[in-house]
Structures are given as structure tokens and as C-alpha cells.
Amino acid sequence: MENLLGLLRIHVTRGIDLAIRDIRSSDPYVVVKMGKQKVKTRVIKQNINPEWNDDLTLSVVDPNLPVLIKVYDKDTFSLDDKMGDAEFDIRQFIEVVRMQLDNLPNGTIISKVQPSRENCLAEESCIVWANGKVIQNMFLRLRHVESGEVELRLEWIDVPGSRGM
């Protein structure tokens, strides 16, 4: 615990145009990994445009570690099918959190992250001050698959007694 910086809450909002892995649809869920930590959403049955709205939380010890997202199709009698993956970097998000901003007008854009070959962003991602917190909304384009995006929202949670920022 002495190396803990804080918690990263990842709100997995939805999937968009995910790949079909069953006869006419898929039963998708998302696995989020950072270092040795692994958390996952619930399964949404027969939907290639699922709305999870699930909050997943990771402990952040090393902000240089990438966050890996993998989407799977839940199967009952065989191994779950892969439906693509993506990864993103939280360093720029952490830099903004470290600014220890306060009393900004709601909706203030603090920083912007552009899509590039080094990230899986489908479009520009803004780091914003909202309701007294730093948040980042992002659309990730899935790799190693014919189609699909996942929408996420990042939020930082300070932990009393942690090393903090």
C-alpha cells in the first residue's frame, strides 16, 4: 500500500458496432488489465452495441503502465471468442491530476489527447474538470478485429493514507 498513488475508476460506458461472433450477434464483456490487476464488466446478451455502464476500479502504483482493454464474446460450451483489444496511456491524465486544480468552472477543458499511431483513440479525448473532479472521456478503436469501439470515462480517486500525488 505504501506505493499506492490512488485509484483509477474506469466507467465502461458502451460498445459500438462490435464484431459478430455468434450466429447473428455476440454476448460481449470487457476485461481491463493494468499490470497484474484484472477486472471485468458483466456480459450483455445478444448485442453488438451493448451499454454496460459498469464502474471498474484499478489501484495505480505505476502510472507508466498502460491500461489494456480486451473485449470477448461469452460462450457457454467453448472458450470465449476474442472481439478485439485496445490500450491507452494514463500519463497525461495523471499529469493533470497532479496539478491539484480546484474551483475551475464546470466543463473546463484542461488538456486534449489526439489520436495517433501510439494510441487507440478513435477521436480526440479531452481531460475535463467536471463536478470538482478530473475526468477523461475516450472512444477506443479496437485492434485485431474487423470493427468496434469502446467508450470509457476515467476518474481519479484519492485514497487517504496513500502516497498520493
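The following legends describe close-up views of a predicted model of one protein chain.

**Figure 1. Overall fold of the protein chain, with 1 helix and 10 strands.** In sequence order, the secondary structure elements follow the pattern β-β-β-β-β-β-α-β-β-β-β. The C-alpha trace spans about 50 × 30 × 30 Å along its principal axes. The radius of gyration is 16 Å, which agrees with the value near 15 Å that a compact globule of 165 residues would have. Of the 165 residues, 45% are buried. Among contacts between residues at least 6 apart in sequence, 57% join residues at least 24 apart.

**Figure 2. The open sheet of 6 strands, in the order β4-β1-β10-β9-β8-β7.** The pairing in this sheet is antiparallel. Strands β4 (51–60) and β7 (108–113) form the edges, and each of them pairs on one side only. From one strand to the next, the twist averages 20°. Within this sheet, β9 (residues 133–141) and β10 (residues 149–157) run antiparallel and are joined by 7 bridges. In this pair of strands, N137 is placed opposite R153 of β10.

**Figure 3. Strand β8 (residues 125–130) and its two partners, β7 and β9.** Strand β8 is mostly covered, with 6 of its 6 residues buried. The cover extends to both faces: S125, I127 and W129 are buried on one side, and C126, V128 and A130 are buried on the other. With β7, strand β8 pairs in the antiparallel sense over 5 bridges, and V113 stands opposite S125 of β8. With β9, the pairing is likewise antiparallel and runs over 4 bridges; here A130 stands opposite K133 of β9. The hairpin of β8 and β9 has 2 residues between the strands, and N131 in this hairpin takes a positive phi near 55°.

**Figure 4. Surroundings of the buried residue Q136 in strand β9.** The relative accessibility of Q136 is 3%, so this residue counts as buried. Its side chain forms a polar contact of 2.9 Å with the side chain of S125. S125 is itself buried, on the side of β8 that also carries I127 and W129. When residues up to four places away in sequence are not counted, Q136 touches F93, V113, S125, C126, I127, L152, R153 and L154. Two of these residues, V113 and S125, stand opposite each other where β7 and β8 pair. Another of them, R153, lies opposite N137 in the pairing of β9 with β10.

**Figure 5. The open sheet of 4 strands, in the order β3-β2-β5-β6.** This sheet, too, is antiparallel in its pairing. Strands β3 (37–40) and β6 stand at the edges with a single partner strand each, so one side of each is left without a neighbour in the sheet. Neighbouring strands are turned by 20° against each other on average, direction ignored. Strands β2 and β3 run antiparallel and are joined by 4 bridges. M34 stands opposite Q37 of β3.

**Figure 6. The aromatic pair of Y29 and Y72.** The structure holds 1 aromatic pair. The ring centres of Y29 and Y72 are 5.6 Å apart and the ring planes lie at 25°, so the pair is stacked. Y29 belongs to strand β2 (residues 28–34) and Y72 to strand β5 (residues 67–73), so the pair ties together parts that are 43 residues apart in sequence. Both Y29 and Y72 are buried. The strands that carry these rings, β2 and β5, follow one another in the sheet order β3-β2-β5-β6.

**Figure 7. Surroundings of D85 in strand β6 (residues 81–88).** Strand β6 stands at an edge of its sheet. D85 nevertheless counts as buried, at 13% relative accessibility. A polar contact of 2.8 Å joins the side chain of D85 to that of H144. Neighbours within four places in sequence left aside, D85 is in contact with I69, K70, R141, L142, R143 and H144. Of these residues, I69 and K70 fall within strand β5 (residues 67–73), and R141 falls within strand β9 (residues 133–141).

Notes: Residues are numbered from 1 along each chain as its sequence is written. This is a predicted model: local features need pLDDT of at least 70, side-chain atom pairs count only at pLDDT 80 or more; totals for chains, interfaces and linings use all residues. Side-chain values use heavy atoms; hydrogens and water are left out. Two strands pair if DSSP finds at least two bridges between them. Axes are lines fitted to C-alpha atoms, for helices over the stretch in contact, and angles run from 0 to 180 degrees between N-to-C directions. Buried means under 20% relative accessible area, exposed over 50%, partly exposed in between (1.4 Å probe, protein chains only). Rings of Phe, Tyr and Trp (its six-membered ring) pair if their centres lie within 6.5 Å; planes under 30 degrees apart count as stacked, over 60 as edge-to-face and the rest as tilted. A polar contact is a pair of N or O atoms within 3.5 Å; within protein, one must be able to donate a hydrogen and the other to accept it, and residues adjacent in sequence count only if both atoms are side-chain atoms. Contact means heavy atoms within 4.5 Å. The radius of gyration is taken over C-alpha atoms; the globule rule is 2.2 Å times the number of residues to the power 0.38.
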